[in-house]
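I opened this notebook to keep track of what I looked up, entry by entry. The sequence and the structure come before my notes.

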Amino acid sequence: MYPIRLGAVEDFEIARELLLRTNFTDRLFVDGAYVDEATLRQHVSAPEIDALDRLGLIVQEQGKTWSPVQLHPVDGVYTVFDRWKTPDGKQLEGREDIVYPSIVANTRLFLDLLPDSPCDSFLDLCSGTGVAALIAASKYAVSAYAYDIAPRSTHFAEFARRLNGLSNVTTGTGDLYEPADGVTFDRVVAHPPYVPVLESKWIFFDGGDDGERVTRRIVEGLPRYLRPGGSLYCLAMASDRADQPLEQRIREWLGAEHREFDIAVVVRRVLEPEEFALKTGRDAKKWKEVFDAHHITALPYAMMMVQRKATGRLPFTVRRQSGPQTSRADHEWLLDWETRIASDATAILEQRPSAAPGCDLRVLNRITDGDWEPVEYLLSIDQPFRMEMKIDPWIAYLLTRCDGTKTVSQLFDELKSDGVILGETPQADFAQVVNTLGSGGFLSFPAAG
Ligand SMILES: C[S@@+](CC[C@H](N)C(=O)[O-])C[C@H]1O[C@@H](n2cnc3c(N)ncnc32)[C@H](O)[C@@H]1O
């Protein structure tokens, strides 16, 4: 039924050692090329050829050997997926349940944005090759789980688990959390299908008519499956709707228990619904109707992070636009920062802020009574996120005073005695402004990390 077989432990060991021993195997498994028998025998021993054959990793016919699958290392683990081309380069028609390649750019982005801090129970939902679970289990998770609705994907992931010799990965076939059977998780990651489609063609692709069919249910399952202190990282395209940005809709999906969760959405890029419709060509009119019916105003491609609070503070909801350099560390910083200020908004008072080096100020001047008058102050920055913020002039002045030597309390007193802010301004209001500037990345706080 499947090209590769869950064979004997010894055969997996032989295959693993062979892959480690020689790069020659790249010709078969990475390049996906034909190898003639004489060349194969020069590089691979007879017992190794037999083991590969028993596992289904090679097919030998008419003096030529080729692999019916692709086998690629990714971040130190072997992953196995379906071929898109024959060994002589002809495009294959992708089957409905094709095992999604672990080496494409969006899987690379997904993996790069996942935190690599230790965790106890890691779930890779919509796992495909199981690449995220395999990496987590080999590097930082005590136990990892890889669930996929397509039995073919789970079979390939289980094959890779054995090939990597990882005993702390459990693969499961089923609709989202279905295989969990009472297990809960402290990290859930997902790179689900998210493309809006009118008709289903590939399981890896089909996000229903609004693209969110799978993503929504991933979030809906969190109250049941995510442990306190745990987080979801889901990379997908989703939608903003009239009066309902994506982050608010995620809150709704969480249902009655939504106050237990924080939400941070980092948008990589945004597609206008019209752009999407145009790309589909002849279905453009139909798509306009679908998007109008759902009141969809934009299609953000975003990392959606949802964390379950470990303590009883108020939840936060934030959205950021990623800049050219935004990385996993910036995502973690954002969650950390927002968690800190949601826990204690005045803790900032003893910190010593510095104005961020990449921070720009644009001032719009307008002729008034024969002279230029500044009418608008706009702060902007690209790192950690791309932000723009209209500010009052006193904030521009505040930034010039933030050089890392004075605490926020001292700055508050200084600005008061300089007459820049009113004497009756409460300290908590000032702390709130500083928190907002910190949150946008306009100020940095060495002590806060
Ligand atoms: C875009 S691929 C991502 C695969 C892998 N996580 C990666 O990043 O390379 C989406 C995967 O979701 C799986 N899938 C689709 N619907 C699902 C569902 N309801 N429950 C579990 N898996 C599902 C598909 O079979 C496919 O393997």
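**Entry 1, a sheet.** I looked up an open sheet of three strands and found the order β1-β3-β2 with antiparallel pairing, where strands are DSSP runs of E with at least two residues, numbered from the N terminus, and two strands pair if DSSP finds at least two bridges between them. The edge strands, each pairing on one side only, are β1 (35-36) and β2 (59-61). Between β2 and β3 (residues 64-66), which run antiparallel, I found three bridges, and E61 stands opposite K64 in β3.

**Entry 2, what I am reading.** I note that this is a predicted model, in which local features need pLDDT of at least 70 and side-chain atom pairs count only at pLDDT 80 or more, while totals for chains, interfaces and linings use all residues. Residues are numbered from 1 along each chain as its sequence is written, and side-chain values use heavy atoms, with hydrogens and water left out.

**Entry 3, the ligand.** Which residues come nearest to the ligand? Of the 17 residues around it (a heavy atom within 4 Å), they are T107, C126, D148, D175 and H191. I then looked up polar contacts, which are pairs of N or O atoms within 3.5 Å. A polar side-chain atom of H191 lies 2.7 Å from an oxygen atom of the ligand, and a backbone N or O atom of L176 is 2.9 Å from a ligand nitrogen atom. The protein covers 97% of the 600 Å² of accessible area that the ligand has on its own, by the Shrake-Rupley method with a 1.4 Å probe.

**Entry 4, cysteines.** I searched the whole structure for disulfides (two cysteine sulfur atoms within 2.5 Å) and found zero. For C119 the nearest cysteine sulfur, that of C234, is 17 Å away. C234 is buried at 0% relative accessible area, taking buried as under 20%, exposed as over 50% and partly exposed as in between, with a 1.4 Å probe and protein chains only.

**Entry 5, salt bridges.** Counting a side-chain nitrogen of Lys or Arg within 4 Å of a carboxyl oxygen of Asp or Glu, I arrive at 31 salt bridges. One of them joins E260 and R308 at 2.7 Å, N to O; E260 lies in the loop between α10 (246-253) and β12 (261-271) and R308 in strand β13 (residues 296-308), so the pair ties together parts 48 residues apart in sequence. R308 is buried at 9%, whereas E260 is partly exposed at 33%.

Methods: Helix = DSSP H or I, 4+ residues; strand = E, 2+ residues; numbered from the N terminus. Polar contact = N/O pair within 3.5 Å; in protein donor to acceptor, adjacent residues only side chain to side chain.
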